[in-house]
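Student: I would like to learn how to read a structure one feature at a time. Could you take me through one?
Tutor: Gladly; let's look at it together.

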Amino acid sequence: MANYYSDHPEFDFYLNHPEMKRVVDLREKDYADKDQHEDAPINYEDAIENYKRILDITGDVAANIIEPNSESVDLEGPHLENKRMVYASKTFENLDATRKAGLWGISMPRRYGGLNLPNTVFSMLSEIIAAADAGFQNIWSLQSCIDTLYEFGDEDQRQRYIPRICAGETMSMDLTEPDAGSDLQRVMLKATYDEENKCWRLNGVKRFITNGDSDIHLVLARSEEGTKDGRGLSMFIYDKRNGGVDVRHIEHKLGIHGSPTCELTYKNAKAELCGNTRMGLIKYVMALMNGARLGIAAQSVGVEQEAYNEALAYAKERAQFGEKIINFPAVYDMLSRMKAKLDAGRSLLYQTARYVDVYKCLEDIQRDRKLTPEERQELKKYTKLADAFTPLAKGMNSEYANQNAYDAISIHGGSGFIMEYKCQRLYRDARIFSIYEGTTQLQVVAAIRYITNGTYLGIIKEMLEAAVSEEMKPLQARIAKMVAQYEEAVNVVKNSGNQEVQDFLGRRLYDMTAEIIMSLLITADASRAPQLFAKSANVYVRMAEENVVGKAAYIAGLTADDLASFRAVETAAE
């Protein structure tokens, strides 16, 4: 039988990455749970074997239940009944299967009924489920919202809510409103304190809420009367059992049909504060969004893999002019690029996840004891790395998912435009990845300060010093030339002293940054496992070189008159 974990040896490669030892030791707090919980690992090797068992179970459920249900879910979708959202029939089967398999409470400590898995393994599980059905992955992966409640809620809230998520109840994060999309400072859903009942009351409308009729919601609301910016926003917990929230509308979307996107009306809904007032956007939403962005990166890699699988299988079977089309240069060029993007994007995903794991684990340890000076330095280092890499992982993988899905249809030719073929659904599903949880343009905004202040350049130069295999040394030399061109391009933009120039060229600098970092990551992976990654490393570095050289030339040649002509086009269009 198919298994979305064991069919792909790349998972074990990243599971056994040298940096995972530090991640697991921190996550397990030196394996302190082994005396209180029978399922807790006794050492690093035991933990890795436990992760493999969970991945194997997930791979089986994904391949043999979720994926076979995906077409039915896509066709039926959720619907509205008496102001309540009702999932597609097969979505209930998916939920039941994942609950019976124990795939909830992934990241939560065992004392609450969780599995205590690192973000790296959670990302692998997300990738596997997304490959089977990206829409269902949204519903399932939103359980990660509980991380924010765990980090910022009090112990009473943890005791009441976390075990429910570990048992399979669903979550949502209610942020967006009709007049507050990317600009969440404009959120106006009102939170007022009810002195008589000693609780908060929420009133207003939320829009574009993924899994919006979930069991437990984290809600961004305006608690400070008279404010109009982010400093007046707080985070609240709404429990569906208490009532007060209706589903007004379920959006009819291009893709991810199984994932309900709801418009909600809050009518004096009872809620409780999570953390402190005024910190909702400044601190708590930022934590939520960074976790969600890593989840979208994993979702994107899952669809990249599935699009490549579909394209490769079709190219091997389809014959034209008396020959299989996989033998045509135009086709194998496309396939090799798809695979290279997949492998490089996956390497970036798991590097980012490891960075997130280290700093999140140290933050958790800090709740119990004071960190040593060495641990404080490690926390500072990995927090910065995670913050720098997350917008790259989310932005680039969401774009690659779109590109791979597009190319999968191209390889299918006219058949790819027919609804009976899976690649059209992958194409429709992928389109949202570069939009929700922060568009690619917003990922550029998040990354640009690390470009201009030299953070990425420092990381790149350090990575460039790492030893690689003899086979990879010619590629490393090519990357070094790219780095020189990149540094020059960054300096050109910085020396312009023009914010408009920086904003205009930001996307090109962002792409160059990510492509160089992924080139370095994939050559490092190919040095350790050439049988898995050597071909992709060769293809990806040449593809990155093609892009970096072109972008460097564009940046070097841009003049003030060029910029004025772009503005003139926009003015003429008006």
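Student: How many residues of helix 6 (residues 134-141) are buried?
Tutor: This is a predicted model, and burial is a good place to begin. A residue counts as buried when its relative accessible area is under 20%. In helix 6, eight of the eight residues are buried, so the helix is largely enclosed by the rest of the structure. They are A134, G135, F136, Q137, N138, I139, W140 and S141.

Student: What covers the buried residues of helix 6?
Tutor: To answer that, look for elements in contact with those residues. The cover includes helix 3 (44-76), helix 4 (89-100), helix 5 (119-132) and helix 12 (422-430), along with strand 5 and helix 9. Look also at the start of helix 6, where a side-chain oxygen of D133 comes to within 3.0 Å of the backbone nitrogen of G135.

Student: Strand 5 is part of that cover. Is K206, which is found in strand 5 (residues 199-210), buried or exposed?
Tutor: Apply the cut-off of under 20% again. K206 has a relative accessibility of 0%, so K206 is buried.

Student: Which backbone oxygen does the side chain of K206 reach?
Tutor: For a polar contact, look for a pair of N or O atoms within 3.5 Å. Here the side chain of K206 reaches the backbone oxygen of L175 at 2.8 Å. With neighbours within four places in sequence left aside, K206 is in contact with D174, L175, T176, E177, V187, L189, V219, L220, C262, E263, L264 and Y266.

Student: Which backbone angle should I notice at F208?
Tutor: Check the sign of phi, and whether the residue is a glycine. F208 is not a glycine, yet its phi is positive, about 60°. F208 also belongs to strand 5, and its relative accessible area of 43% makes F208 partly exposed.
Tutor: I256 can be read in the same way. I256 is not a glycine either, and its phi is positive at about 35°. I256 sits in the loop between strand 8 (245-250) and strand 9 (261-274). With 4% relative accessibility, I256 counts as buried.

Student: Let's turn to helix pairs. At what angle do helix 9 (residues 280-317) and helix 11 (residues 373-412) pack?
Tutor: With a helix pair, read the distance between the axes together with the angle. The axes of helix 9 and helix 11 are 8 Å apart, and the angle is about 25°. Angles under 35 degrees count as roughly parallel, so helix 9 is roughly parallel to helix 11. Their crossing is left-handed. The residues of this contact comprise 13 nonpolar, seven polar and five charged.

Student: Where does M286 lie, and how far in space is M286 from T148?
Tutor: M286 is in helix 9. Sequence separation and spatial distance are worth reading side by side: M286 and T148 are 138 residues apart in sequence, and their C-alpha atoms are 9.8 Å apart in space. M286 has 41% relative accessibility and therefore counts as partly exposed.
Tutor: Now try another pair. V61 and Y450 are 389 residues apart along the chain, and 40 Å separates their C-alpha atoms. V61 is found in helix 3 and, at 8% relative accessibility, is buried. Apart from neighbours within four places in sequence, V61 contacts I66, A97, T98 and A101.

Student: How do I read the pair made by helix 13 (residues 440-452) and helix 16 (residues 499-528)?
Tutor: Begin with the axes once more. Those of helix 13 and helix 16 come within 9 Å and cross at roughly 85°. Angles from 65 to 115 degrees count as roughly perpendicular, which means that helix 13 is roughly perpendicular to helix 16. On the helix 13 side, the contact is made by T440, Q441, Q443, V444, A447, I448, I451 and T452; on the helix 16 side, by Q502, G506, R507, L509, Y510 and T513. These contact residues divide into six nonpolar, seven polar and one charged.

Student: Which residues does Q502 touch?
Tutor: Not counting residues up to four places away in sequence, Q502 touches I448, T452 and V493. Q502 lies in helix 16, and at 17% relative accessibility Q502 counts as buried.

Terms used. Residues are numbered from 1 along each chain as its sequence is written. This is a predicted model: local features need pLDDT of at least 70, side-chain atom pairs count only at pLDDT 80 or more; totals for chains, interfaces and linings use all residues. Side-chain values use heavy atoms; hydrogens and water are left out. Axes are lines fitted to C-alpha atoms, for helices over the stretch in contact, and angles run from 0 to 180 degrees between N-to-C directions. Helices (H or I, at least four residues) and strands (E, at least two) are DSSP runs, numbered from the N terminus. Angles under 35 degrees count as roughly parallel, over 145 as roughly antiparallel, 65 to 115 as roughly perpendicular and the rest as oblique. Contact means heavy atoms within 4.5 Å. Ala, Val, Leu, Ile, Met, Phe, Trp, Tyr, Cys and Pro count as nonpolar, Asp, Glu, Lys and Arg as charged, and the others, Gly among them, as polar. A crossing is left-handed if the near helix is turned anticlockwise from the far one by less than a right angle, and right-handed if clockwise. Buried means under 20% relative accessible area, exposed over 50%, partly exposed in between (1.4 Å probe, protein chains only). A polar contact is a pair of N or O atoms within 3.5 Å; within protein, one must be able to donate a hydrogen and the other to accept it, and residues adjacent in sequence count only if both atoms are side-chain atoms.
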